[in-house]
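Biologist: Please take a close look at the ligand site. What surrounds the ligand, and which polar contacts are there?

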Amino acid sequence: MKYSAPRGTKDILPEEAALWQFIENACREVFELYNYREIRTPVFESTDLFSRSIGVTTDIVKKEMYTFTDRKGRSLTLRPEETAPVVRACLENNLISADQVTKLYYLGPMFRYERPQAGRQRQFHQAGIEVFGSQDPAIDAEVIQLSVKLFEKIGLKDLEIDINSVGCKKCQPKFRDAIREYFRSNIKNMCEDCKQRLETNPLRILDCKEPPCQKYIEKAPAAVDYLDADCKIHFEEVVRWLGDLGIKYKINDRLVRGLDYYTKTAFEIVSKQLGAQNAVCGGGRYDDLVEELGGKPTPAVGFAIGMERVVEMLRNSKFEIRNPRLDLFVATLGDEAKRVGFDLIAKARGKGISADMDYLGKSLKAQMKAADRMAARFVYIIGDDEVAKKSAVIKDMTSAEQSEVKFEELLGERSPLLSKTR
Ligand code: HAM
């Protein structure tokens, strides 16, 4: 029997892990620079949390959730996204209060039962942020600026920021009616999904990618034309702040997000280097969600980045992955030498020097090969002769130079390891 990873999931192998660590470290660094604190929530939650927040008529809730019943009959779902769990955690742990802005970030796996393709998996990873407590348009702009800074730090280019306003509880119904009205006469020529969406969630039609639907979508009414005064001013202010920050953006009045909780600002960052799944970041404002999930009315805004897509882009840009090197490999021959070597690697690790040795009883030649494969900087060779002389042969694996050093000096101040490794 041969097992393989479930469809739509991937192993991140050691070779690629260095790239992931680089991106994760950049995320943490930039998030903390903007005063965000990390939050970690369970990977599964009550199913109800997601259906209420993401919306029962969305694709995610209708067809993409990994839902199961536990042994006590509770319906649980592997998180398809992290905004709702963060809101739940904030309410449960009283992290939000009226007189302060709460800034949180997260990194972790999400799960959606989608058709796997390049850039789309069933288990994927997001890095995201959520800010609670402010309706100031400047914070929307700051959130977008943060994502720009992060992509700059990671070294990604050819990105475009698409921004739109989807209005609020008050103006959305008018826009929804206008959309329904507009599509009604042509819906017979559109795809099956759009036919359904017309009744259940007409705004989602704008996001349809099916070719026959495009010509109707192009001319559809724009949300920005239906905004009430408050939403209109908010949107104008957000783009003004973006202008002040020198951030280039494109107003995309077709942009609707795949989750129902958004109000006012919605944005996506898309890459020209990726194929159909080209959004590397998606987010926006969701001023009603905290209240809908049982809290006091609290404005909020955030985004999430798709880590697999960032990894893919970095790979395309021939980003040089620097895998960690081993500082020291101790090659030994004979029992006594092994004892000395075993003691030596323990002491080396105690000094913060990464070290390893052979545990397969290999020949000296094979041990040297192994050290090479591990990209060791130095090899200390200890055989019977060396034990007798209480010294080891040191080989610098970069220059291939060899010298002999007394045991007591191997990890001492003059050791080449200490001077050259860090
Ligand atoms: P989302 O647009 O559904 O938003 O996901 C954010 C990003 O996650 C996408 O732009 C994409 O890069 C990545 N992503 C989504 N699905 C997949 C998949 N199946 N495979 C690979 N990558 C994927 C949210 O999840 C919101 N919670 C974002 C947010 C935070 N809004 C406000 N705060």
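Modeller: A polar contact here is a pair of N or O atoms within 3.5 Å; within protein, one must be able to donate a hydrogen and the other to accept it, and residues adjacent in sequence count only if both atoms are side-chain atoms. This is a predicted model: local features need pLDDT of at least 70, side-chain atom pairs count only at pLDDT 80 or more, and totals for chains, interfaces and linings use all residues. Residues are numbered from 1 along each chain as its sequence is written, and side-chain values use heavy atoms, with hydrogens and water left out.

Start with Glu 81. One of its polar side-chain atoms sits 2.6 Å from a ligand nitrogen. For Arg 257, a side-chain N or O atom is 2.8 Å from a ligand oxygen. Gly 306 uses its backbone: an N or O atom there lies 3.3 Å from an oxygen of the ligand.

Now the cover. The ligand alone exposes 660 Å², and the protein buries 96% of that (Shrake-Rupley method, 1.4 Å probe).

Next, the shell. It holds 27 residues, each with a heavy atom within 4 Å of the ligand. Glu 81 is among the closest, along with Glu 114, Glu 130, Tyr 262 and Ala 279. By class, the shell has 11 nonpolar, 9 polar and 7 charged residues. Asp, Glu, Lys and Arg count as charged; Ala, Val, Leu, Ile, Met, Phe, Trp, Tyr, Cys and Pro as nonpolar; the others, Gly among them, as polar.

Three strands (DSSP E runs of at least two residues) give two or more residues each: β6 (123–132), β10 (279–285) and β11 (300–306). β10 gives the most, with 6 residues.

How values were computed
Helices (H or I, at least four residues) and strands (E, at least two) are DSSP runs, numbered from the N terminus.
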